[in-house]
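Notebook open, structure loaded. I'm jotting down what I look up as I go.

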Amino acid sequence: ISFVPWVIQESYHAGRLEESQVIVYRAEAAVVFSDASGFTALTEGLAKKSNGAELLSKCLNAFFTPLIDLINAYRGDVIKFSGDALTIIFPAVEDDDVDFPCGTPNCKRHSAIALSVLRASACCLEIHKRLHNFET
């Protein structure tokens with residue numbers, strides 16, 4: 001299911017999601033707040049065009065799709081969209097099935113929360129590297 005937070009998907013598949021129900025998710029996690037720079041200028045420019053809404057929709061899909069793919073690759077979960085801003089959690093989970101969960105061979109084991117902070121940081125660096133000069 002595209003663009004639906006994992007915590008909502010999990011509740012739905014477990015049969016715990018009812019209409020008008022608020023889902024509360026409590027966990028240790030690293031939290032990232034992300035905002036796309038230049039969004040206001042983009043919307044103002046597109047508002048002057050007859051097909052501005054269609055162009056904006058295409059731009060947002062072209063931007064958010066690879067962004068969310070990157071976030072998911074680092075085990076993050078987008079839990080909220082606010083226009084061009086995102087709230088992302090990186091849950092603290094044990095990575096016992098991975099030889100070097102932090103990416104460094106022979107590294108001493110990290111706590112689950114330390115690994116979530118490492119994943120969040122690495123994800124932010126990768127997002128900046130790949131989407132910093134996103135062409136609209």
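Is Phe81 buried, partly exposed or exposed? I get 36% relative accessibility, so Phe81 counts as partly exposed. My cut-offs: buried is under 20% relative accessible area, exposed is over 50%, and partly exposed lies in between (1.4 Å probe, protein chains only).

Ground rules before going on. This is a predicted model, where local features need pLDDT of at least 70, side-chain atom pairs count only at pLDDT 80 or more, and totals for chains, interfaces and linings use all residues. Residues are numbered from 1 along each chain as its sequence is written, and side-chain values use heavy atoms, with hydrogens and water left out.

**Aromatics**

I searched the whole structure and found two aromatic pairs. Rings of Phe, Tyr and Trp (its six-membered ring) pair if their centres lie within 6.5 Å; planes under 30 degrees apart are stacked, over 60 edge-to-face, the rest tilted. Phe63 and Phe64 are edge-to-face, with 5.5 Å centre to centre and 70 degrees between the planes. Phe64 and Phe81 are also edge-to-face, at 5.5 Å and 90 degrees. That second pair links distant parts of the chain: Phe64 sits in helix α3 and Phe81 in strand β2, 17 residues apart. I noted the element rule too: helices (H or I, at least four residues) and strands (E, at least two) are DSSP runs, numbered from the N terminus. Phe63, Phe64 and Phe81 make one aromatic cluster. Phe64 has 7% relative accessibility, so it counts as buried.

**Ile79**

I then checked Ile79, in strand β2 (residues 77-82). It counts as partly exposed because its relative accessibility is 37%. Leaving out residues up to four places away in sequence, Ile79 touches Pro5, Thr87 and Ile89; contact means heavy atoms within 4.5 Å.

**Core**

Next I pulled up the largest nonpolar core, which has 17 residues; Leu67, Ile71, Leu86, Ile88, Phe90 and Ile127 have the most contacts inside it. A core here is a set of buried Ala, Val, Leu, Ile, Met, Phe, Trp, Tyr and Cys residues joined through side-chain atoms within 4.5 Å. The elements giving two or more residues are β1 (29-35), α3, β3 (85-91) and α4 (112-131). Helix α3 gives the most, six residues.

**Helix packing**

Last look: the axes of α2 (residues 39-47) and α3 (residues 52-73) come within 9 Å and cross at roughly 150 degrees. That makes α2 roughly antiparallel to α3. Angles under 35 degrees count as roughly parallel, over 145 as roughly antiparallel, 65 to 115 as roughly perpendicular, the rest as oblique. Axes are lines fitted to C-alpha atoms, for helices over the stretch in contact, with angles from 0 to 180 degrees between N-to-C directions.
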